[in-house]
Amino acid sequence: MSLPRMTGGRVPGSRTFLLVLAASLLPAKGAVAQEEPIVIKLATLAPSDSEWHEILKDMGEEWSRVSDGRVELRIYPGGVAGQEADVLRKMRIGQLHAGALSVPGLARIVPEVHVLTIPMNVDGPAALERVRRAMEPRLEERFAENGYILLNWGDAGWVRFFLPGPGASPDEVRGLKFPAWSDDAILDLWREEGFRGVTLNISDVLPSLQTGLINALNTTPLVVLSNQWFSEVEYMLDMPWTPLVGATIVDRRAWERIPEELRPELIRIARVAERRLQTEITRLEDWAIAEMEERGLQIIEPSDALVQEWRSFFESHYPKIRGPLIPPDWFDEALRLGRGGA
């Protein structure tokens, strides 16, 4: 078999072949190469369409806007991804990347976060802010040591007791059955005193109230209203005894997938969301109490003697917290700042 005869040193038709090959390597007309967005999957117990959920959604939209769509925040609200212990487990194996968690979940990573919720230490937002800003650098460092970036704080109001009857002293509340979101050292302290914590999924609280598996709540008015639990408890002791502190954290492995130049702006947006929620929280809490009162909730206004009885009860347990859960120097500083120290 003879080879094609060379003409001018080239195989006939080679130019056509190269043009076809080159054309096949070009994108089709109108096609634009676009990289896949970096998806950050975030889970929270906050109910769908609640204020916390809406603020997280707005934060995600801002992340997408400033990153030109390169970062997408995908939110799983209402406990659909499981309890906070489940969320943390899924973060460790990469199924989730971030969580908006409350103190019981956060304390599984950094037990020292309890320094923000010492019972009856802070009496309002200003005192909480003093303590938090003093402790924040140390807490951020502890989260980083464990592989997490603290994006922002997200409080849910002030914890009160919701009770089946008007009896509201420590002895009368002792023995009632409260929901617990996870077993932790604080829950163990409560159980030592005779308080009965029943570990539940958040979706199980309402049916558990209806069947009598639990008969009381210790959480914030906003949480009670958002989850429609108020129909099953008749009384609220209007004695806010600790803030329900939360924070949004992201696994450092997922965070470092985001281009470094974008990260400061994403954190700035997260902090704007934090300030927005803190601004709203007092107004929303007052509104939540009024809404539930209209629907039959009875408000117990505590006497000075009852408040002092509860204060003495909580303070008697400080030695079990100072040291075992919170470093003594942290605890002492938080106590000083919470009670007005500069």
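Select T44 and A100 in this predicted model: A100, in β3, is the bridge partner of T44. Widen the selection to the strands on either side of that bridge. Strand β1, residues 38–44, pairs with β3 in the parallel sense, over three bridges.

Next, keep β3 and add strand β10, residues 246–251. β3 and β10 pair in the antiparallel sense over five bridges. One place to look is A98, whose bridge partner in β10 is V250.

Now show β3 alone, residues 98–102, coloured by accessibility. Is this strand mostly covered or mostly open? It is mostly covered, as five of its five residues are buried. In a regular strand, side chains alternate between the two faces of the sheet. In β3, A98, A100 and S102 point one way, while G99 and L101 point the other way. Both groups are buried.

Move to the open sheet of four strands. Its order is β8-β5-β9-β11, and the pairing is mixed. Which strands stand at the edges? They are β8 (217–219) and β11 (298–300); each has a single partner strand, so one side of each is left without a neighbour in the sheet. From one strand to the next the twist averages 30°.

Within this sheet, select β5 (residues 158–163) and β9 (residues 235–243). The two run antiparallel and are joined by five bridges. F162 can serve as a marker, since it stands opposite M236 in β9.

Add helix α11, residues 263–294, which packs on the sheet and touches β5, β9 and β11. The direction of α11 makes about 15° with that of β5.

Then turn to the side chains. In soluble globular proteins, nonpolar side chains tend to be buried together. Here the largest nonpolar core has 49 residues. Select I40, W63 and L217, the residues with the most contacts inside this core. Which element gives the most to this core? That is α11, with 10 residues.

Centre the view on I40 and list what surrounds this residue. Leaving out residues up to four places away in sequence, I40 touches V71, E72, L73, R74, H97, A98, V250, A254 and I258. Two of these names come from an earlier stop: A98 and V250 are the bridge partners between β3 and β10.

For the last stop, select M91, L116, W153 and A334. They are among the 40 residues of another core, which lies apart from the largest one.

Notes:
Residues numbered from 1 in each chain as written. Predicted model: local features only at pLDDT ≥ 70, side-chain atom pairs only at ≥ 80, totals over all residues. Heavy atoms only, no water. Buried < 20%, exposed > 50% of the residue type's maximum accessible area, 1.4 Å probe, protein only. Pairing = 2+ DSSP bridges. Axes fitted to C-alpha atoms, helices over the stretch in contact; angles between N-to-C directions. Contact = heavy atoms within 4.5 Å. Core = buried A, V, L, I, M, F, W, Y, C linked by side-chain atoms within 4.5 Å.
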